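Me: Please take a close look at a single part of this model, chosen by you, and explain how it is put together. I would like the whole chain first, then the detail.

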Amino acid sequence: MPKINIKLLACLLALGLLSACSGKGHEPAAPWEAPPFTLAENIETRLVLPGGQPVEPGIFLARLRGAEIILMGEQHDSVCDHLAQAAVLEFMAQTGMNPVLGLEMVSRDKQKTLDRFNAGEITLAELPAALNWKTDFELYRPILEVAEKWRVPVQALNLPREVVQAARKQGEKILDRPPYARWKPTPLLLPLPEQQAELEAVYKNHFMMMGQKKSGPRQAMAPQKSPQNPGQAPNIPQTPPRAITQANAQASPQAVTQANPQANPQDIAQAKAQAKAGGFKNFLLAQALWDSAMAENALDALLKTQRPVLVLAGTMHVDYGRGIAWRINAAAPEARVLLLRPWRMTPSVEFPGTLPPENMADIYYLCQRRQK
């Protein structure tokens, strides 16, 4: 294994651990805190297993080489998460793994533009305009700089936004008609029952947040703690199988007012429109489209290139293997998938404890969330 270059500069992925990074003091380190090591030049990080045991570089490399598809979760607006992703991509390139990079943030209709970038016909400076990039490109620039430097092929994984919007408004039948039929994933797998329970809470919270934005400042929601382990995120409840049409009852206007008594008439009107258009049923369909498409396209990249694929996607698509991973294994049971996701180093609204849970990911990268 090539020697790993040790340079401790800028604490880039240790944000929040060292006072030099923020100008402020920091909380005492948890006893299980892993020592930093450099994954890529000028970038250090800390990796831990579920339960908090540190992961040394050699072990990490072995785990990466043992996988065919690596799913690396992110919070889209977290600078630290994207620096960690850039570090992992460069580590894979430096150690001869010859990876392919798959992006949730780019839809498949933009692949020809990425092919021109991969061929060196478009520069990184020209790429945002060529892709009509909608979010903050600077967050993803370090990742694509690594891809350009090491000539890592970049693959679009997601569906065009218009396809998902049409399905949310008109339901699954629209996916059998042109121009949408060509984008329908095969197979299209609906969320597992246990993920439906999680998505139901997200769906309800969407309406509650809308009402709070209009009625006043949003109050931070107190995180739940697991009764078995106060330092661990609570397990998602295992709900019995049920028809998605039954789950759609949660999308009623009454559900909006129950979730947020201050919901104004506009919110209730939108809830009625959502319910009429399919509501929660089509919300689940949209999630199924995203995850099924990313699974299908990641597998396609693996089969075409015979190279490991590093997939960068939001944590909801990665956590517990319920999003992309189980759909990969449904289509290709022999495919080897590794789950990585960020873990916040101090208690937060996202997670109240310090120890990562056992089953959310295979390896966690410690990263204090910091918005740009």
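**One helix pair in its setting**

Reply: The protein chain exposes about 17500 Å², of which carbon and sulfur atoms supply 53% (Shrake-Rupley areas, 1.4 Å probe). The model is predicted, so local features need pLDDT of at least 70 and side-chain atom pairs count only at 80 or more, while totals use all residues. Residues are numbered from 1 along the chain, and side-chain values use heavy atoms, without hydrogens or water.

Of the 372 residues in the protein chain, 51% are buried (under 20% relative accessible area), and the chain has 13 helices and nine strands (DSSP runs of at least four and at least two residues, respectively). Among contacts (heavy atoms within 4.5 Å) between residues at least 6 apart in sequence, 73% join residues at least 24 apart.

The part I have chosen is the packing of helix α12, residues 279-305, against helix α13, residues 324-331, where the axes lie 8 Å apart and meet at an angle of about 55° (lines fitted to C-alpha atoms, angles from 0 to 180 degrees). That angle is why α12 counts as oblique to α13, a class that takes angles from 35 to 65 or from 115 to 145 degrees. The crossing of the two helices, α12 and α13, is right-handed (near helix turned clockwise from the far one by less than a right angle).

On the α12 side, the contact is made by A288, D291, S292, M294, A295 and L299, which meet I324, R327, I328 and A331 of α13. Sorted by class, this contact between α12 and α13 has seven nonpolar residues, one polar residue and two charged residues (Asp, Glu, Lys and Arg count as charged).

Definitions and conventions: Buried < 20%, exposed > 50% of the residue type's maximum accessible area, 1.4 Å probe, protein only.
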